[in-house]
Amino acid sequence: MAAAAKAIAEMFGGKRVYEPVAFKAAADTLSARTGAALIAEFPRGTLGAPSGARLEIDEARPEFEALARHIGRLADALADKAGNAPPEITADMRMTGPPMDGGSLLGKRPGAAEADLAKMPAERLLHLILQDCASCIRSSGGKSSEAGRGEHDPEKWQLVFGERSCSSKRVGS
């Protein structure tokens, strides 16, 4: 998941050449590994050693599952957009102006109604996915990573709920 999110972020940030096929593949990866699939990676009662997943997942199970489902909805919307991606990044794919959810570029306004995901620009959907991911991780420096666009670097994240990526959790062995 981290590699897919990073690839898309780098395309929008100009650090990687935008390629519609690569954008679609990365968005499809996020869609496939979030929502119910992410919840399934962390079955109730299987956390802790030897998986490395922290017990906080079970302690905050309703919040974790709600967050996983929300990320899944965002990732599905991003994958839908990537399925129709033009040959280059267009203005309507970019985040411009105030967010449609009533929040700011740095965070969602508490209690704001969620806008129609199908109408959001792809870059905004990615930003919301990263914002949600950041809510259950800490930066490698131990501080909460709730930040602006520049701090959405999945390579610098460590999970509060696991080692590096929710999807890297291994149950058993």
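## A tour of helices, salt bridges and core

Begin by selecting Lys 24 and Asp 28, which sit 4 residues apart in helix α2 (residues 20–33) and are therefore separated by about one helical turn. The model on your screen is a predicted one, and every distance quoted along the way is computed from it. Show the two side chains and you will find that Lys 24 and Asp 28 meet in a salt bridge, with 2.7 Å from N to O. Lys 24 counts as partly exposed because its relative accessibility is 34%, and Asp 28, at 31%, also counts as partly exposed. For another group of charged residues, select Asp 58, Arg 61, Glu 65 and Arg 69, which are joined into one network by salt bridges that share partners.

**Along α2**

Return to α2 and colour Phe 23, Ala 26, Ala 27 and Leu 30, which are buried. If you look down the axis of α2, these buried residues fall within an arc of 95°, so they line one face of the helix. Now select Val 21 and Ala 32, the exposed residues carried by the face of α2 that is turned away from its buried side. Showing α1, α5 and α6 next will bring up the helices against which the buried residues of α2 pack. To check the length of α2, place a distance between its end C-alpha atoms: they are 20 Å apart, which agrees with the 20 Å that its 14 residues should span at 1.5 Å a residue. Just after α2, stop at Gly 35, where phi is positive, at about 65°.

**Along α1**

Move next to Lys 6 and Glu 10, both in helix α1 (residues 2–13), where they lie 4 residues apart, about one turn of the helix. Lys 6 forms a salt bridge with Glu 10, and the closest N and O atoms of this pair are 3.8 Å apart. Which other residue forms a salt bridge with Glu 10? Select Arg 16, whose closest approach to Glu 10, between N and O atoms, is 2.9 Å. Is Glu 10 itself buried or exposed? Glu 10 counts as buried because its relative accessibility is 16%, under the 20% cut-off, whereas Lys 6 at 25% counts as partly exposed and Arg 16 at 38% counts as partly exposed. A search of the whole structure finds 7 salt bridges.

Among the other buried residues of α1 are Ala 4, Ile 8, Met 11 and Phe 12, and what covers the buried residues of this helix includes α2, α5 and α6. The end C-alpha atoms of α1 are 16 Å apart, in agreement with the 16 Å that its 12 residues should span at 1.5 Å a residue. After α1 comes Gly 14, which has a positive phi near 80°.

**Into the core**

Finally, select Ile 8, Phe 12, Phe 23, Leu 30 and Leu 78, which touch the most other members among the 40 residues of the largest nonpolar core. The elements giving two or more residues to this core are α1, α2, α3 (36–40), α5 (61–83) and α6 (122–134), and α5 gives the most, with 10 residues. End by centring the view on Phe 23: leaving aside residues up to four places away in sequence, Phe 23 touches Ile 8, Met 11, Phe 12, Tyr 18, Leu 78, Ala 82, Ala 85, Met 93 and Ala 122. In soluble globular proteins, nonpolar side chains tend to be buried together.

Notes. Residues are numbered from 1 along each chain as its sequence is written. This is a predicted model: local features need pLDDT of at least 70, side-chain atom pairs count only at pLDDT 80 or more; totals for chains, interfaces and linings use all residues. Side-chain values use heavy atoms; hydrogens and water are left out. A salt bridge is a side-chain nitrogen of Lys or Arg within 4 Å of a carboxyl oxygen of Asp or Glu. Buried means under 20% relative accessible area, exposed over 50%, partly exposed in between (1.4 Å probe, protein chains only). A nonpolar core is a set of buried Ala, Val, Leu, Ile, Met, Phe, Trp, Tyr and Cys residues joined through side-chain atoms within 4.5 Å. Contact means heavy atoms within 4.5 Å. The expected span of a helix is 1.5 Å times one less than its number of residues. The arc is that of the directions from the helix axis to the C-beta atoms.
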